[in-house]
Number of protein chains: 2
Amino acid sequence: MRPVRHQEIAEDLRKKINSGEYRSGMQLPTESELETEYGASRNTVRVAVAALMNEGLIQVNRGRGMYVPDSLIPFTVLLSEEEGGRGLRPGLDSYRAGVLVAGRRPDVRNFTTRIEYPDTEIAGLLEVGERDQVAVRSSERYIDDSPYSTQRSYYPMDIARGTELEGPDKINRGTIEVLRELGFEQVSHRDTVKARMPTPEERAFFRIGLGVPMFVVSRIAYSAARESPVRLTVTVYPADRNRLSYDGGDAPARRLTEGEIPVFG
Amino acid sequence: MRPVRHQEIAEDLRKKINSGEYRSGMQLPTESELETEYGASRNTVRVAVAALMNEGLIQVNRGRGMYVPDSLIPFTVLLSEEEGGRGLRPGLDSYRAGVLVAGRRPDVRNFTTRIEYPDTEIAGLLEVGERDQVAVRSSERYIDDSPYSTQRSYYPMDIARGTELEGPDKINRGTIEVLRELGFEQVSHRDTVKARMPTPEERAFFRIGLGVPMFVVSRIAYSAARESPVRLTVTVYPADRNRLSYDGGDAPARRLTEGEIPVFG
DNA sequence: AAGTGGTCTAGACCACGGG
DNA sequence: CCGTGGTCTAGACCACTTC
């Protein structure tokens with residue numbers, strides 16, 4: 001296989017990054033320096049650089065230069081903790097309570113409620129007909145003023161009708177508690193995790209570079225009082241600063257690595 | 001904000017794909033057609049096209065054209081099923097047994113065993129010192145001759161020494177069974193899920209396009225006979241054809257959507 | 001052979017960040 | 001202001017697929 005110039009350049013830069021010759025936070029040579037260093041035209045250099053961006057290996061700031069990304073403090077999203085367990089503050093939903101326990105500041109913005117007809121996928125997961133309306137509660141979640149996740153919960157209208165769930169207000173005590181009050185205590189759930197690239201809107205909202213995928217976690221919640229689900233919650237997280245954690249059986253207490261921050265879904 | 005030509009082109013193509021004007025499997029206009037359609041130079045068109053590739057919206061075949069990807073049959077990886085449960089064939093590891101149950105053909109290739117010093121991350125997760133050796137068992141897993149996942153399991157040497165685990169052979173009855181025979185019955189585990197972009201090697205091995213992220217699932221296994229973990233298994237899956245599933249509580253039986261194929265981790 | 005995308009060049013002007 | 005990366009052009013040749 002005949003070597004291809006931009007691939008050689010990319011491979012060389014990859015090696016220098018992975019070997020630590022270029023470390024986190026360091027600036028790489030400028031485009032014109034790379035041109036002379038590799039004896040290639042600017043566009044060829046840019047093709048190589050684009051490949052590295054898409055792998056998440058470098059970050060480019062217009063006007064300033066190219067950098068090896070700082071390693072981010074990872075949030076570990078605990079997705080199999082019991083609701084309301086582990087000394088969380090009662091009367092708060094688990095996201096808020098969990099972030100507070102971690103010593104961070106939670107915030108929910110742009111909260112909206114809507115009633116709509118579900119698309120095929122949502123209807124299938126919620127086990128309702130496509131002509132049955134659902135109540136949709138959407139919000140953006142922040143930690144310390146940085147966008148953290150977007151969330152959308154769907155409720156069958158026969159549960160939500162006439163309740164707070166279809167109302168326009170945030171519910172600080174958590175919707176799990178509301179469902180319990182309505183007689184639908186959540187006894188089990190099923191999570192489906194997908195990963196995909198962000199839309200341009202998500203890239204802008206989360207302020208992430210190229211090469212950063214998104215987690216999409218869909219949680220279907222069940223109650224003993226009903227065969228079909230009582231709720232579907234879809235949460236989207238950027239994958240560069242989040243990892244998901246699931247315990248099976250009675251796993252031992254968590255040992256945190258340096259800088260790791262546990263939060264709740 | 002002054003409109004930028006290649007972004008306009010990309011946005012227009014995105015709309016046509018999402019609206020269904022270009023459907024799965026359809027060929028898009030060629031580069032030269034897009035040049036005349038948008039009145040832009042070839043490189044500008046190519047920048048727009050590159051963005052769509054990175055979002056996973058289109059797939060490009062050299063010499064043939066650009067296509068909207070066929071939607072893949074999704075594998076659903078069941079990660080919270082009981083080992084050996086649900087009528088799996090006894091005497092087979094859960095991956096093989098699960099794939100057979102789904103009516104597909106499992107295959108393990110390029111199996112290797114190695115003894116090495118763990119890096120900082122592995123040592124931390126396994127709770128061994130960086131100067132304590134570990135046994136590493138690596139393999140590539142296929143389903144119906146298509147690459148499905150790569151897997152690497154790490155065992156503390158004080159468990160693996162002198163056992164099949166450090167030997168060069170595949171163990172068809174599953175290493176969970178071997179650990180049980182050694183007195184380390186697995187009673188709990190903790191999964192950590194990450195998502196990242198593939199390396200060029202992974203792109204080639206899994207034959208995936210740009211814009212397809214990878215799942216990295218790290219499972220730490222615990223036994224009642226020992227405080228520190230008995231195994232760490234790291235599995236890598238391409239995210240375009242896999243979703244991960246975790247049940248919490250006693251979730252109801254799974255309802256499969258059309259074409260969905262459940263398999264085991 | 002014809003048509004597709006892949007590679008590469010040389011040069012121009014623009015927009016942003018920081019001194 | 002200068003240096004950075006971002007946009008865009010016009011043209012050339014190459015490699016792969018299909019007929």
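Start with chain A of this predicted model and look at how its contacts are spread along the sequence: of those with a separation of 6 or more, 64% join residues 24 or more positions apart. Now colour chain A by secondary structure, and you will find eight helices and 11 strands. The C-alpha trace of this chain spans about 70 × 45 × 35 Å along its principal axes. If you shade by burial, 36% of the 265 residues of chain A count as buried.

**Stop one: the sheet**

Next, show both chains and select the strands in the order S4(A)-S5(A)-S6(A)-S9(A)-S8(A)-S7(A)-S10(B)-S3(B)-S11(B); they form an open sheet of nine strands with mixed pairing. Which strands stand at the edges? Pick residues 106-116 of chain A for S4 and 261-264 of chain B for S11: each has a single partner strand, so one side of each is left without a neighbour in the sheet. Looking along the sheet, you can follow its turn, as neighbouring strands are rotated by 20 degrees against each other on average, direction ignored.

While you are here, add helix H4, residues 94-101 of chain A, which packs on the sheet and touches S4 and strand S5 (134-143) of chain A. The direction of H4 makes about 170 degrees with that of S4(A).

Now zoom in on S7 (residues 186-196) and S8 (residues 214-223) of chain A, an antiparallel pair with 10 bridges. For a landmark, click His189(A), whose bridge partner in S8(A) is Ala221(A).

**Stop two: where the chains meet**

Select the contact between the two chains: chain A brings 34 residues and chain B brings 35 residues. On the chain A side, helix H3 (42-54), S7, S8 and strand S10 (242-249) each supply at least two residues. Which element gives the most? That is S7(A), with 10 residues. Colour this side of chain A by class and you will see 14 nonpolar, 12 polar and eight charged residues.

Then move to S10(A), which pairs with strand S7 (residues 186-196) of chain B in the antiparallel sense over six bridges. Click Tyr246(A) and look across to S7(B), where Asp191(B) stands opposite.

**Last stop: the symmetry**

Finally, superpose chain A on chain B: a rotation of 180 degrees with 0.1 Å of shift along its axis does this, with an RMSD of 0.1 Å. That is the relation of a two-fold axis. Go back to your interface selection and compare the chains: 100% of the interface residues of chain A are also interface residues in chain B, so the copies meet through the same surface.

Notes
Residues are numbered from 1 along each chain as its sequence is written. Chains are lettered from A and ligands numbered from 1 in the order in which they are written. This is a predicted model: local features need pLDDT of at least 70, side-chain atom pairs count only at pLDDT 80 or more; totals for chains, interfaces and linings use all residues. Two strands pair if DSSP finds at least two bridges between them. Helices (H or I, at least four residues) and strands (E, at least two) are DSSP runs, numbered from the N terminus. Axes are lines fitted to C-alpha atoms, for helices over the stretch in contact, and angles run from 0 to 180 degrees between N-to-C directions. Two residues are in contact if their C-beta atoms, placed from the backbone, lie within 7 Å. Ala, Val, Leu, Ile, Met, Phe, Trp, Tyr, Cys and Pro count as nonpolar, Asp, Glu, Lys and Arg as charged, and the others, Gly among them, as polar. Copies are superposed by least squares on the C-alpha atoms of residues with pLDDT of at least 70 in both. A residue is buried if 20 or more other C-beta atoms lie within 10 Å of its own, exposed if 12 or fewer, and partly exposed in between; C-beta atoms are placed from the backbone.
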